[in-house]
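Biologist: I would like to learn how to read a model of this kind feature by feature. Could we take the general idea each time, and then the case at hand?

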Amino acid sequence: MYSKDGENYFIVDAHIALWDARPENQRNIHGKQFIDCFYDYHRNLSPESEVWSYEDYLYQGGERLMKDLFTDGYVDHAIFQPAYLGEFYHRGFGQTEEAYGLAAAHPDKLTYNHCFDPRNGEAGLDQLRADHERMGFTGVKLYTAEWHGESRGYKLSDPWASRYFEECRALGIKNIHVHKGPTIRPLDRDAFDVSDVDHAATDFTDLNFIVEHVGLPRLEDFCWIATQEPNVHGGLAVAMPFMHTRPRYFAQIIGELIYWIGEDRIQFSSDYALWTPRWLVEQFVDFQIPEDMTEYAPLTIEQKKKILGLNAAKMYDIPVPADLRLPDAEETATGPRQPERADLASAQ
Amino acid sequence: MTAAPAGIMHAVTEDDVRMGLGKVFDPELDEPITELGFVRSVRVDDVDGGTGALVRVHLRLPTSFCSPNFAYLMASDSKDVIAALPGVAAVVVELDDHHDSDLINAGLAADAGYRGTFLHEAEDSLEELRWTFRRKAHTAAMERCLTGLLRADPTLRVEDVGGMHLGDLPAGRETDALMRRRAALGLPGDADASVLVDDDGRPYPADAVPLALRRARSTRISIDGNAHFCRGLLRTRYEGSGADQAFRPEGAEPSDLFPLLPLTTKESST
């Protein structure tokens, strides 16, 4: 929990990883390129005081994770979202067994989400059933830009993806976190296109689709899809740290999200270990929309509380102390949430 | 190319090559690669006893995982513009440090084309991809102009912007940018043409205007945000590359210009 100015915030970090990118686990040059890309994100967007050494960045381990999140980071509950990346790392990038073990040891603090790849076909479905039997997760993380043999990406609208979503429905896996890659195939179209999320969300209205990075770099496409689909949510992984280096851009991201999908469908995350939650929580509670952006209302404390934890807690049935809960906003399920804000002049 | 008489031939210079590369755009960010700092090096050597030049260009991108279709487009467009310069005998364009560098560089060296380079991953061509981002660039330019009008005149209502024509826009950078984007889409540039139009140039009915403007705004925010983030990542990845980047006023933060200026925010409310 984080407290400031007499207000208490229940914090759910909805997208974290326990990764191993050390050289001995890198399968090829792409393993190094991938973690180097993450490290550049980290160096570029972090306050100077929060920048880690490259060595620290390669691997953290469970003990450090617990300290960064729960001892230092104000986090009440965090959710693992593993990315496999078996083509880049010998034992995978996200350490699923280690993460599952840590979550099993701290069920009050950690939720383990699993991952699958629909290109694994029938055998993958069997594996998913067996994994679910053993681990009992209610959510999965899908990385559509995952490389897989000859294929360098897939779409949620692929027939095999539908088969897997049907299995999710049968097993009670209801939360599908989607990280839009740069998906390479087919190369002819925009690699960051999110229209396949629309397809899946329309076909599986009883599943929640949480689009990580709120669709960045295609915020506009995400907003347009999410406003029409009541079961599409926005995860703030990677978007959060812009608050520090590019606060006007961040203000517009948040302003657009509140306009298009409303305050009840946005989830905070540090994307640990890309960044650590402590400074993100502190800065977000202090954050406000710049004065000249008349098209956006100021962020309220209630909106910040929902984004920082209550929204994800609701989705994952994480118990929240009674005095910290808030009711849903009385808003439309689809379409713009603040239609009056479409008018710059009315916001004067 | 018509051979010029000996002695009159203008020798290709590095500046000529950079000028040529200034016509190559990052299709996603809608800016020349020369202003983004994506040109890492240019080298010009005489070959064939001084009758032609060998031009070698290295390109660099903000991450190893930048979308390979955009990477390929920029690299192949670069090769095309340089090859078209008078006096150029041979061109080598290489993309550095990308996950598909080997594939793309081999394809460029062999002039294999898009499908020849990417084989089963390519379906037809990258033309539709270019059009997707030309449309987005136009949408963003349109929103900048209309939001500019709204900010300049508080009595103007958002519903009214549907009735604005090109002739109502003040002269300046944003209007010029809009006119270029309209031309790229084949839309008319007449003074009585509506500013707020869809990708095919059709104006919106009055009741659809506010939402159309809001949707255009999300596109503008996205492009500006990506353009600055990509610049920042390149500077982080390649030390000193910031010196090769042009300032982008659209989407700039106070810290881009005045690192010490504090941000003025709204009062918090509950």
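The dialogue below goes through a helix, two sheets, some backbone angles and the contact between two chains.

Modeller: Let us begin with a caution, which is that this is a predicted model.

Biologist: Which secondary structure elements make up chain B, and in what order do they come?

Modeller: Chain B holds 9 helices and 5 strands, and along the sequence they follow the pattern α-β-β-α-β-β-α-β-α-α-α-α-α-α. The C-alpha atoms of chain B fill a box of roughly 70 × 45 × 45 Å along the principal axes, and 41% of its 270 residues count as buried. Among the contacts in chain B with a separation of 6 or more, 67% are between residues 24 or more positions apart.

Biologist: How should I read a single helix, for instance helix 6 of chain A, and which of its residues are buried?

Modeller: The general idea is that an α-helix has 3.6 residues a turn, so residues three or four places apart point the same way. In helix 6 of chain A, the buried residues are Ala161(A), Tyr164(A), Phe165(A) and Cys168(A). Because these residues cover an arc of only 100° around the axis, they lie on the same side of helix 6 of chain A. Pro159(A) and Ala170(A), on the other side of helix 6 of chain A, are exposed.

Biologist: What do the buried residues of helix 6 of chain A pack against, and how does its length compare with what is expected?

Modeller: The buried residues of helix 6 of chain A pack against helix 5 (121–135), strand 7 (139–143), strand 8 (175–179) and helix 7 (195–203) of chain A. As for length, the 13 residues of helix 6 (residues 159–171) of chain A should span 18 Å at 1.5 Å a residue, and the end C-alpha atoms are 19 Å apart, which agrees. After helix 6 of chain A comes Gly172(A), with a positive phi near 85°.

Biologist: Turning to sheets, what is the strand order of the open sheet of 6 strands in chain A?

Modeller: The order in that sheet of chain A is 6-7-8-9-10-11, and the pairing is parallel. Strand 6 (114–115) and strand 11 (266–267) of chain A are at the edges with a single partner strand each, so one side of each has no neighbour in the sheet. Helix 7 of chain A packs on this sheet and touches strand 8, strand 9 and strand 10 of chain A, its direction making about 165° with that of strand 9 of chain A.

Biologist: Is strand 8 of chain A covered on one face or on both faces?

Modeller: The general idea is that in a regular strand the side chains alternate between the two faces of the sheet. In strand 8 of chain A both faces are covered, with Asn175(A), His177(A) and His179(A) buried on one side and Ile176(A) and Val178(A) buried on the other. Strand 8 of chain A pairs with strand 7 of chain A in the parallel sense over 5 bridges, and His179(A) in strand 8 of chain A has Tyr143(A) opposite.

Biologist: What of the open sheet formed by 3 strands in chain A?

Modeller: That sheet has the order 3-4-5 (chain A), again with parallel pairing. Its edge strands, each paired on one side only, are strand 3 (12–16) and strand 5 (110–112) of chain A, and the twist averages 20° from one strand to the next.

Biologist: Which backbone angles deserve a second look?

Modeller: As a general guide, most residues other than glycine have a negative phi, and most peptide bonds are trans. In the loop between strand 9 and helix 8 of chain A lies Val214(A), whose phi is positive, near 35°, and Val214(A) counts as buried because it has 27 C-beta neighbours inside 10 Å, where 20 or more are needed. Pro217(A) is found in the loop between strand 9 and helix 8 (219–226) of chain A, and the peptide bond from Leu216(A) to Pro217(A) is cis, with omega near 10°.

Biologist: Finally, how many residues of chain B are in contact with chain A?

Modeller: In chain B, 47 residues are in contact with 44 residues of chain A. Helix 8 of chain B gives the most to this side of chain B, with 15 residues, and the residues of the side that touches chain A divide into 15 nonpolar, 21 polar and 11 charged.

How values were computed. Residues are numbered from 1 along each chain as its sequence is written. Chains are lettered from A and ligands numbered from 1 in the order in which they are written. This is a predicted model: local features need pLDDT of at least 70, side-chain atom pairs count only at pLDDT 80 or more; totals for chains, interfaces and linings use all residues. Helices (H or I, at least four residues) and strands (E, at least two) are DSSP runs, numbered from the N terminus. A residue is buried if 20 or more other C-beta atoms lie within 10 Å of its own, exposed if 12 or fewer, and partly exposed in between; C-beta atoms are placed from the backbone. Two residues are in contact if their C-beta atoms, placed from the backbone, lie within 7 Å. The expected span of a helix is 1.5 Å times one less than its number of residues. The arc is that of the directions from the helix axis to the C-beta atoms. Two strands pair if DSSP finds at least two bridges between them. Axes are lines fitted to C-alpha atoms, for helices over the stretch in contact, and angles run from 0 to 180 degrees between N-to-C directions. Ala, Val, Leu, Ile, Met, Phe, Trp, Tyr, Cys and Pro count as nonpolar, Asp, Glu, Lys and Arg as charged, and the others, Gly among them, as polar.
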